[in-house]
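Please look through the structure shown here slowly, turning it as you read, and keep the sequence at hand so that each residue can be found as it comes up.

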Amino acid sequence: MSIDIDINSGFCFGVTRAITTAESELSKGSLYCLGDIVHNGQEVARLEKLGLQTIDNDDLRTLPSHSRVLLRAHGEPPSTYWIAERRGIEIIDATCPVVRKLQERIRACYELHRTDEALPPQIVIYGKPGHAEVIGLQGQTNNTAIVIESVDQLDRLDFSRPIYLFSQTTKSVEGFKALVEAISSQIINHKSQIALEAHDTICRNVANRVAQLQDFARANDIVFFVGGIKSSNARVLYKNCVEVNPNTIFISSPDEITNHESKIINHISTNPDLKIGICGATSTPLWLMEQCRDRLIDLQASAMPE
C-alpha cells in the first residue's frame, strides 16, 4: 500500500502569512485574534497553546487599551479599525494582500460612483453571505453592496441601474463566468442600456487547486480529505474530489480514521497495491495531514499478517 500527501494541499499564502505573523508576535507578548485565525480547529488549538487568544467583535469593544489584536487573512471592514483606534488598541494587520487589494478596488469603486444620483450604481459581490471576507468587502461600501451566491438570486438586482461586479477571492471561476453571462442575458432581456463592469477578483492560487486536487484524487484508490468543519473552502474542495473519486472521505483529525479501519483493511487484503491519498483545504496545516499519514501507516502495520 502506498500513502501520499498532495503537495499542492495545505495553507495558501495568505493563511501562511497570518500564522507566521501570529507566531512572531506571540514572542513579543500577549496577543488576541479577532475570530478564528484559520477555519481549522486543530491549528487554532495549537496557536492557543502558544498564547493566542481568540475573541469576537463584542470582545473587541471591551478589551483594555494598548491590547494587541491580530486581524486574520480574511480581512475586516473599516468599522473594526475605527473601534480599535477609539479604544487605543494596537492592530496587527495580517489581511491577505490579495484580499487587501480587492478591498481597495471595491472602496475606490464605491467612492467614485456613490454620488451618481441620476443612476445610483449597484456594487455586487459574488460570495457567501456572512463569510468573514465578504463582511469585510461589504464594509468598504458602507454595507450597501449586494451579495449573491448564484444565478438564482439575480432577482435581487435592479437592471435599470449600473452593475459593478466583484468576487470573493475564493469563489469558483466557473461560477463567476456563469454569473456574468446570466447578468448580461438579463440586461438584454430587459432591453436595458445599463453598464455591466465585471471584475474577476478570484485568487488564482486558490482557483487552480481544483484541477490539481482532482488530478490527485483520480490517481488514488481512496482519498482522505482533511478539513475543518467550519471551512467553506474545505466543503467545496471535498465535493470537487468526490466528483472524480467517490471513495473520498472527509475527516477533520487522524482520530476519525478509526471509523474507516475495517474498510481500509478489507481493501489492503484484496489489493496489495492500494493507493491512498491525503489532501486538504487551504486552511489545512501540513502537520495535520502528516499525522493522518502516520495513523494510516500504523493501521497498515496492524493489518499485515504476522
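The paragraphs below follow a group of aromatic rings and then turn to an enclosed space. Please keep in mind that this is a predicted model.

By the rule used for ring contacts, the structure has four aromatic pairs. One of them joins Phe-225 and Phe-250, whose ring centres are 5.9 Å apart and whose planes meet at 25 degrees, and this pair is stacked, since planes under 30 degrees apart count as such. Phe-225 belongs to strand S10 (residues 222-226) and Phe-250 to strand S11 (residues 248-251), so the contact ties together parts that are 25 residues apart in sequence. Phe-225 is buried, with a relative accessible area of 0%, whereas Phe-250, at 24%, counts as partly exposed.

Phe-250 also pairs with Tyr-238: the ring centres are 5.4 Å apart and the planes stand at 85 degrees, so this pair is edge-to-face. Because Tyr-238 lies in helix H10 (residues 232-244) and Phe-250 in strand S11, the pair ties together parts that are twelve residues apart in sequence. Tyr-238 is partly exposed, with a relative accessible area of 23%. Taken together, Phe-225, Tyr-238 and Phe-250 form one aromatic cluster.

What does a search for enclosed space find in the whole structure? The search finds one cavity of 30 Å³ or more, and the largest cavity holds about 30 Å³ of space. The residues that line the largest cavity are Asp-6, Asn-8, Ser-9, Arg-209, Leu-213, Leu-237 and Gly-280. Sorted by class, this lining has two nonpolar, three polar and two charged residues, with Gly counted among the polar ones.

How values were computed:
Residues numbered from 1 in each chain as written. Predicted model: local features only at pLDDT ≥ 70, side-chain atom pairs only at ≥ 80, totals over all residues. Heavy atoms only, no water. 1 Å grid on protein atoms, 1.4 Å probe; cavity = no way out; pocket = protein on both sides within 12 Å on 5 of 7 lines; lining within 4 Å. Points joined across faces, edges and corners; volume = space filled by probe spheres on them. Phe/Tyr/Trp six-rings, centres within 6.5 Å; stacked < 30°, edge-to-face > 60°. Helix = DSSP H or I, 4+ residues; strand = E, 2+ residues; numbered from the N terminus. Buried < 20%, exposed > 50% of the residue type's maximum accessible area, 1.4 Å probe, protein only.
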